[in-house]
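Please open the structure in your viewer and keep the sequence beside it. The tour below suggests what to select at each stop and says what is there.

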Amino acid sequence: MEERLKKLKRLRDLQVNPYPYGFDRTHTFAEIKANFEELSQKQTIVKTAGRVIAIRGHGKTIFSTLNDENDKIQIYLRQQDLGENFSLFENFDIGDFIGVEGQVFKTKTGEITIFVKNFVLLAKSLRPLPEKWHGLEDIEIRYRKRYLDLIADTVIFKCNDCGHEFACVEVGEIRCPAIKDKTTDERCGSKNIRKISMSPREVFKMRSKIISLLRDFFNNRGFLEVETPVLQPIYGGASARPFKTYYNALDQEMYLRIADELYLKRLIVGGYEKVWELCKDFRNEGLDRFHNPEFTMIEAYQAYTDYNGMMELVEELMEYLVRNLYSDYRISFQGESVEIKRPFTRIKYTEVLSEKLGVDILKISEKELNDLCTRYGIKTEGQAIGYKIDKLFSELVQRDLIEPTFVIDYPKIISPLAKEHRNNPSLVERFELVIFGLEIANAFSELNNPIEQRKRFEEQLAYKEEGIAEIDEDFLEALEYGMPPTGGLGIGVDRLCMILLNQSSIRDVILFPQLRRV
């Protein structure tokens, strides 16, 4: 940093503004490469800009590599063309932003290059960038300083000759760095390598594409995109602990929403027939590979359908996403590969769990349930019955569901907002979509009987389940005005992105994940 600050002072002394206000760029790097033949034939002067990521000096000539948001390009500077300005480049560092002007040509190796006729500093970098080869290996730094992660843009490669996997920034020719002989430090050096992971920039561009596809899917099917309150006087719609705040102007406690469900249902009561929301929800709970307290959800509600209709919608949605992201219907996640194609497998929650346990999960006592939980290492103290049952299912069944699977017909006790199953009063019409052992979507035939809904809320309060601190009387009043038969759906967007982009942690698909303050 001291050396860079000295260079900054020298530039100021030379009347060079190290932080100008803009640059009139005519072409991006990708546009230059795509239109090279025309630009070179017409000897067009291009003006472009980017960050310096490599400098190779050869006396009176300099080769440098720049990158912009989407691509990289080489530039060539020659003293005899630039005169005294050539020496200014001595004050430039890797990490600086520069603008260049010149004609394009190809080097002897066939690399498209800009022959620089003029250049200008656009922003002086005062800190050195992450080391070129290994990028950012410290996971915590990658999450805390995402901007560095995006600058480094490290990719994982695998050597086809020796099998070595290594992290590297895609700059210039890449060879396998594996050491073959420790006594001589001889390296593999093979160029026969392949890319086996997306770079961070690619991941977040793909996430943006997934969200655009989700928006197109719902909007093109007649769903109205709406916005509901993030701050709520009564939280509900899920079983979770909320974040609490205080609203000074109203002199009352408020909560960050744990779900959008109860507000979206009010809109169905109000007369809309298809509504959906892409939203941020907040749950004051733990952080791990699959959970972030602030997360992105999609909730969608459709009148005059049930959970069967929502299953069809989810199958159609998943096919649509994979078909538009990739060339076929197959996706891979952490060494497993599945085909996302209709129809998905369907299994019944209580039947499969009871078979695993050797007892009917709906007929056992709470003591027997506690004994089962203890056998499988599940905490029971202070936990509701529904939590214990669901934890058993997660541990014994869900984690082994790799292929796209609809788990259907849940116990009523763990689904207070779902409609009673038409053939079994101890169950509800609910499904979850599970892929690679992860819950991706959750849907109900929505409960629209206000008397039954009040009873369920009261039962939740009696069990002191998370997700309800008081009964939402306004929501119940809305139901009393009448809500048509409705199918409801929730999709965890972060987890969906994890499996579609083959990322092992939810933090790898969230630009700025929650972390403990340093």
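Begin by selecting the five strands that close into a barrel, which follow one another in the order 1-2-3-5-4 and have mixed pairing. Averaged over this sheet and with direction ignored, neighbouring strands are turned by 50° against each other. Please keep in mind from here on that the model is a predicted one.

Within this barrel, select strand 1, residues 46–58, together with strand 4, residues 97–106; the two pair in the antiparallel sense, and six bridges connect them. To see one of these pairings, pick Gly50 and look across to strand 4, where its bridge partner is Ile98.

Now select Asn67, which belongs to strand 2, a strand covering residues 61–67. Is Asn67 buried or exposed? Its relative accessibility is 8%, and because residues under 20% are classed as buried, Asn67 counts as buried. If you display the surroundings of Asn67 and leave aside residues up to four places away in sequence, you will find that Asn67 touches Phe29, Gly50, Arg51, Ile53, Lys72 and Arg201. Gly50, the partner of Ile98 in the previous stop, is thus met again as one of the residues that Asn67 touches.

The next stop is a hairpin, formed by strand 6 and strand 7 with five residues between them. Select residues 154–159 for strand 6 and residues 165–169 for strand 7, and you will have two strands that run antiparallel and are joined by five bridges. Ile156 is a useful residue to pick here, since it stands opposite Ala167 in strand 7. In the turn of the hairpin, Gly163 has a positive phi of about 85°.

Strand 6 has a further partner to add to the selection, namely strand 10, residues 193–195, with which it pairs in the antiparallel sense over three bridges. Here the residue to pick is Phe157, whose bridge partner in strand 10 is Lys195.

Moving along the chain, select strands 12, 14 and 13, which in that order make up an open sheet of three strands with antiparallel pairing. Which strands lie at the edges of this sheet? They are strand 12 (231–232) and strand 13 (244–247), each of which pairs on one side only. Between strand 13 and strand 14, the latter covering residues 252–256, there are four bridges in the antiparallel sense. For a single pair to look at, take Tyr247, which stands opposite Gln252 in strand 14.

Two pairs of helices come next. First select helix 8, residues 261–269, and helix 14, residues 473–480, whose axes come within 9 Å and cross at roughly 25°. Angles under 35 degrees count as roughly parallel, and helix 8 and helix 14 are therefore roughly parallel to each other. The crossing in which helix 8 passes helix 14 is left-handed. Show the side chains of Leu262, Lys265, Arg266 and Val269 in helix 8, which meet Asp474, Phe475 and Ala478 in helix 14. Sorted by class, the residues of this contact are four nonpolar and three charged, with no polar ones.

For the second pair, select helix 11, residues 366–375, and helix 12, residues 385–396, which pack at an angle of about 40° with their axes 10 Å apart. At this angle, helix 11 and helix 12 are therefore oblique to each other, and helix 11 passes helix 12 in a left-handed crossing. On the side of helix 11 the contact is made by Glu366, Leu369, Asn370, Leu372 and Cys373, and on the side of helix 12 by Ile385, Lys388, Ile389 and Leu392. These residues divide into six nonpolar, one polar and two charged.

The last residue to select is Phe295, which lies in strand 16, residues 294–303. Phe295 has a relative accessible area of 13% and is buried. Leaving out residues up to four places away in sequence, Phe295 touches Ile258, Cys279, Lys280, Asp281, Phe282, Arg283 and Asp494. If you also mark Gly59, you can follow a C-alpha to C-alpha distance of 53 Å between Phe295 and Gly59, two positions that are 236 residues apart in sequence.

Finally, zoom out to the whole protein chain, which has 15 helices and 24 strands. Its C-alpha trace spans about 85 × 60 × 45 Å along the principal axes, and of its 518 residues, 48% count as buried.

Definitions and conventions: Residues are numbered from 1 along each chain as its sequence is written. This is a predicted model: local features need pLDDT of at least 70, side-chain atom pairs count only at pLDDT 80 or more; totals for chains, interfaces and linings use all residues. Side-chain values use heavy atoms; hydrogens and water are left out. Buried means under 20% relative accessible area, exposed over 50%, partly exposed in between (1.4 Å probe, protein chains only). Contact means heavy atoms within 4.5 Å. Axes are lines fitted to C-alpha atoms, for helices over the stretch in contact, and angles run from 0 to 180 degrees between N-to-C directions. Angles under 35 degrees count as roughly parallel, over 145 as roughly antiparallel, 65 to 115 as roughly perpendicular and the rest as oblique. A crossing is left-handed if the near helix is turned anticlockwise from the far one by less than a right angle, and right-handed if clockwise. Ala, Val, Leu, Ile, Met, Phe, Trp, Tyr, Cys and Pro count as nonpolar, Asp, Glu, Lys and Arg as charged, and the others, Gly among them, as polar. Two strands pair if DSSP finds at least two bridges between them.
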